[in-house]
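Happy to walk through this one with you. Have a look at the model first, and then we can go through some questions and answers together.

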Amino acid sequence: MFENLTERLSKTLRHITGQARLTEENVQDATREVRMALLEADVALPVVKEFVEAVKARAVGQEVSKSLSPGQMFVKIVKDELERVMGERNEKLNLATKPPAVILMAGLQGAGKTTSAAKLARYLKEKEKKSVMLVSADIYRPAAIKQLEMLAHEVGAKFFPSSTDQQPVAIALAAIDAARIKFCDVVIVDTAGRLHIDADMMDEIKALHAAVNPIETLFVVDAMTGQDAANTAKAFGDALPLTGVILTKADADTRGGAALSVRHITGKPIKFIGVGEKTVALDPFHPDRIASRILGMGDILSLIEQAEDNLDKDKAEKLAKKIKKGKGFDLEDLRDQLQQMKNMGGIASMLDKLPGMANLPQATQAQVDNKQFARMEALINSMTPAERRDPELLNGSRKRRITMGSGTDIQDLNRLLKQHKQMQKMMKKITQKGGLANMMRGVGGAMGAGRGFPGR
């Protein structure tokens with residue numbers, strides 16, 4: 001996420017951090033580089049102008065604290081301004097109304113409204129402990145109704161059926177009545193999208209909004225559309241009283257222009273950010289954490305939250321006890337650790353949140369590929385239980401059978417076995433020191449970027 005912007009800004013800031021003092025000349029050079037980095041990231045021009053002027057005014061004004069060098073102070077100023085542009089703090093959903101609270105999803109077709117509706121239902125159910133009903137008012141795409149029904153089943157939310165011969169207002173009102181009878185806390189209404197903004201679309205969603213009077217009207221926008229995301233959000237904001245934005249497909253956006261533009265142009269907060277295709281891949285938008293990641297400082301708080309939500313603490317404790325008893329770390333244990341890292345979004349997602357990753361060479365970062373972990377898991381799955389417990393059993397014929405069964409080759413298997421031996425030694429040392437965090441750090445370290453990944 002934001003790789004291009006991170007790389008460009010990191011280079012600029014590394015240069016100025018080494019300066020003994022801030023002068024008008026070196027501040028001018030640095031802000032010129034920052035301006036170019038933002039423009040290349042497809043940040044809206046008015047945002048770039050205001051951002052650069054604010055940084056320049058504060059830097060030349062010598063806002064230097066005693067505890068920081070002038071160069072470090074410039075980095076702090078840039079971080080503060082990034083946070084200000086994106087909204088300074090996370091703004092939560094407002095559900096303070098008589099149930100059911102209605103959330104209306106708006107946006108263009110293809111932005112990810114239907115998936116985001118399901119992700120939001122899962123978030124509210126698991127994090128806020130709310131009972132949620134999903135309904136589709138998209139009467140133009142029967143596939144959208146069916147998709148939402150399947151997603152509702154996947155996330156454990158109630159689903160109100162609808163069909164293409166009904167009117168959107170009638171569908172939404174009937175769903176709200178049904179939710180009231182079933183004591184649902186929240187109703188999420190998915191609406192129809194178009195390939196572009198048109199008068200009919202806006203009239204329809206205005207009528208729907210007036211009829212259901214939602215407490216939250218969320219604009220769903222694809223981060224990969226860059227500056228256009230902000231312009232589309234403004235058009236919707238002019239037509240509807242938006243309360244917030246969900247930025248989707250941020251994991252595929254290397255630029256970051258939408259994240260930096262939407263709040264400034266619409267005046268509405270980004271409340272959530274979509275970071276993957278799975279229904280768990282929706283995070284509250286924290287401007288301070290995103291600013292840290294853009295500047296290559298990592299996002300340890302989000303990593304900790306991710307670990308707390310996804311790691312199986314019972315399995316980790318059992319593994320620690322097993323190793324302490326001298327039973328060793330076998331390939332089944334390695335598979336469990338790989339699966340837990342996958343639940344956390346994969347090694348690339350974890351490393352993206354660690355400080356200093358932006359300073360790694362691009363070639364090294366490129367080696368962090370979750371497909372390589374899938375190959376490792378496939379190799380282990382192709383083994384018998386006895387082979388997983390005791391890799392010493394693996395002779396030539398067994399190795400051939402395993403690699404044929406997993407679609408890999410002998411070199412992949414040999415690398416896996418070598419890495420497993422290294423991890424056995426490491427895990428023994430780590431568990432003696434104790435702690436789940438230490439154990440996961442050890443796994444991440446052994447799997448570290450560029451160190452013997454089984455790959456092609």
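Q: Which side chain of opposite charge is nearest to Lys113, a residue that is buried yet has no salt bridge?
A: This is a predicted model, so the side-chain distances here belong to a prediction. A salt bridge needs a nitrogen of Lys or Arg within 4 Å of a carboxyl oxygen. The nearest candidate for Lys113 is 5.1 Å away, and that side chain is Asp190.

Q: Where is the place of Lys113?
A: Lys113 touches, among others, Met105, Leu108, Thr191 and Val220, not counting residues up to four places away in sequence. Asp190 is also one of the residues it touches. As for its own place, Lys113 is in helix H5.

Q: How many residues apart are Tyr123 and Phe272?
A: Helix H5 covers residues 113-126 and holds Tyr123, while strand S7 covers residues 270-274 and holds Phe272. The pair therefore links distant parts of the chain, and the separation is 149 residues.

Q: What kind of aromatic pair do the rings of Tyr123 and Phe272 make?
A: The structure holds 2 aromatic pairs, and this is one of them. The ring centres of Tyr123 and Phe272 are 5.0 Å apart, with the planes at 75 degrees. Planes over 60 degrees apart count as edge-to-face, so the pair of Tyr123 and Phe272 is edge-to-face.

Q: Does Phe272 count as buried or exposed?
A: The cut-off for buried is under 20% relative accessible area. Its partner Tyr123 is at 16% and counts as buried. Phe272 is at 4% relative accessibility, so Phe272 counts as buried.

Q: What kind of pair do the rings of Phe219 and Phe236 make?
A: The centres of these two rings are 4.8 Å apart, and the planes of Phe219 and Phe236 are at 40 degrees. Stacked needs an angle under 30 degrees and edge-to-face one over 60. The angle for Phe219 and Phe236 fits neither, so the pair is tilted.

Q: How many residues apart in sequence are the parts that Phe219 and Phe236 tie together?
A: Both Phe219 and Phe236 are buried. Phe219 lies in strand S5 (residues 216-222), and Phe236 lies in helix H9 (residues 227-239). The pair therefore ties together parts whose separation in sequence is 17 residues.

Q: What span should the 14 residues of helix H6 have?
A: Helix H6 covers residues 142-155, and the rule is 1.5 Å a residue. The expected span is 1.5 Å times one less than the number of residues. The end C-alpha atoms of H6 are 20 Å apart, which agrees with the expected 20 Å.

Q: What arc around the axis do the buried residues of H6 cover?
A: In H6, Ala144, Ile145, Leu148, Leu151, Ala152 and Val155 are buried. On the other side of H6, Pro142, Ala143, Met150 and His153 are exposed. The buried residues are on the same side of H6 because their arc is only 130 degrees.

Q: Which helix is included in what covers the buried residues of H6?
A: The cover includes strand S2 (132-136), strand S3 (158-160) and strand S4 (186-190). Alongside these strands, the cover includes the helix H5.

Q: Which residue takes a positive phi just after H6?
A: The phi in question is about 80 degrees. The residue just after H6 that takes it is Gly156.

Q: Which residue forms a salt bridge with Glu149?
A: The closest N and O atoms of this bridge are 3.7 Å apart, against a limit of 4 Å. Both residues lie in helix H6, 3 residues apart, about one turn of the helix. Glu149 is partly exposed at 35%, and its partner, partly exposed at 46%, is Lys146.

Q: Which residues do salt bridges that share partners join into one network?
A: One of the links is between Arg84 and Glu81, at 2.7 Å from N to O. These two are 3 residues apart in helix H4 (residues 70-86), so about one helical turn separates them. The joined residues are Glu50, Arg58, Asp80, Glu81 and Arg84.

How values were computed. Residues are numbered from 1 along each chain as its sequence is written. This is a predicted model: local features need pLDDT of at least 70, side-chain atom pairs count only at pLDDT 80 or more; totals for chains, interfaces and linings use all residues. Side-chain values use heavy atoms; hydrogens and water are left out. Rings of Phe, Tyr and Trp (its six-membered ring) pair if their centres lie within 6.5 Å; planes under 30 degrees apart count as stacked, over 60 as edge-to-face and the rest as tilted. Helices (H or I, at least four residues) and strands (E, at least two) are DSSP runs, numbered from the N terminus. Buried means under 20% relative accessible area, exposed over 50%, partly exposed in between (1.4 Å probe, protein chains only). Lys and Arg count as positive and Asp and Glu as negative; His and the chain ends are not counted. Contact means heavy atoms within 4.5 Å. The arc is that of the directions from the helix axis to the C-beta atoms.
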